Amino acid sequence: MAAESSEGEEETKLSGGNQLLIVDDDLTEMGKKAAWSVSSCKPGNGVSSLRDDNLETYWQSDGGQPHLVNIQFQKKVRLQLIVLYVDFKLDESYTPSKVSIRAGDGFHNLKTVELVKPTGWVYLSLSGVDPRDTFVNTFMLQIAVLSNHLNGRDTHVRQIKVYGPRPNPIPHQPFQFTSREFITYSSIR
């Protein structure tokens, strides 16, 4: 269920979460190409905890809301999906309840998502309402935790993954082959 807010951003309500991270083969993880920073953190619970592929560790903010995760790329990239791992059962009042996704040359809001007691991987698509808008071209991405469950002050996010479309392995080719055998025979000699 989606509704438009007064600023023109999309607002969505999500509940649950997936225990397994399942992503299409035509997407690639783009987070390793970026510089990551957070607005604040407790000692030992910083950016490295968001990117270590360990669901037992987490980033814990320290200070007033909103809590921010900034993801900056050296050049413009195409992004399609953000996946967060949050756990209401373990983190209770530290679990985000309202998250804003901002992207662009500066930070303008793409969408605001309300999370209802999430446990597991939560998928946040960056696709627009128009079917032709399957990705966002951006230098910067910001994830802002606007509020937590049970009016918690600080937040826990266990993992963040950012995905974009897999690049075509053969430059200047209008279509993309998916198997190595077709790629091998794709050019005429």
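A polar contact here is a pair of N or O atoms within 3.5 Å, where, within protein, one must be able to donate a hydrogen and the other to accept it. Keep that in mind for the first close-up; every view below comes from a predicted model.

**Figure 1. Arg 158 and its polar partners****.** Welcome to the loop between strand S12 (156-157) and S13, where Arg 158 is found. The side chain of Arg 158 reaches the backbone oxygen of Glu 56 at 3.3 Å. With Asp 91 the link is side chain to side chain, a polar contact of 2.8 Å. Is Arg 158 buried or exposed? Its relative accessibility is 5%, so Arg 158 counts as buried.

**Figure 2. The surroundings of Arg 158****.** Leaving aside residues up to four places away in sequence, Arg 158 touches Ser 49, Leu 50, Asn 54, Leu 55, Glu 56, Thr 57, Tyr 58, Tyr 85, Asp 87, Leu 90 and Asp 91. Glu 56 and Asp 91 will be familiar from the previous view.

**Figure 3. The largest nonpolar core****.** This core has 28 residues, and those with the most contacts inside it are Val 69, Ile 71, Ile 82, Ile 143 and Ile 160. Strands S4 (34-38), S6 (67-79), S7 (81-87), S8 (96-104), S9 (108-116), S10 (119-125), S11 (136-148) and S13 (159-165) each supply at least two of its residues. Which strand gives the largest share? That is S6, with 5 residues.

**Figure 4. Ile 82 and a separate core****.** Ile 82 touches Ile 101, Val 122, Tyr 123, Leu 124, Leu 126, Leu 141, Ile 143, Ile 160 and Lys 161, again not counting residues up to four places away in sequence. Apart from the largest core lies another, of 6 residues, among them Leu 27, Leu 81, Tyr 85 and Tyr 163.

**Figure 5. A cis peptide bond at Pro 66****.** Most peptide bonds are trans. The bond from Gln 65 to Pro 66, however, is cis, with omega near 5°. Look for Pro 66 in the loop between strand S5 (59-60) and S6.

**Figure 6. Positive phi at Asp 53 and Glu 92****.** Most residues other than glycine have a negative phi. Asp 53 has a positive phi, near 60°, and is found in the loop between helix H1 (47-50) and S5. Asp 53 is exposed, with a relative accessible area of 56%. Glu 92 also has a positive phi, near 40°, and its place is in the loop between helix H2 (88-91) and S8. At 48% relative accessibility, Glu 92 counts as partly exposed.

Terms used: Residues are numbered from 1 along each chain as its sequence is written. This is a predicted model: local features need pLDDT of at least 70, side-chain atom pairs count only at pLDDT 80 or more; totals for chains, interfaces and linings use all residues. Side-chain values use heavy atoms; hydrogens and water are left out. A nonpolar core is a set of buried Ala, Val, Leu, Ile, Met, Phe, Trp, Tyr and Cys residues joined through side-chain atoms within 4.5 Å. Buried means under 20% relative accessible area, exposed over 50%, partly exposed in between (1.4 Å probe, protein chains only). Helices (H or I, at least four residues) and strands (E, at least two) are DSSP runs, numbered from the N terminus. Contact means heavy atoms within 4.5 Å.
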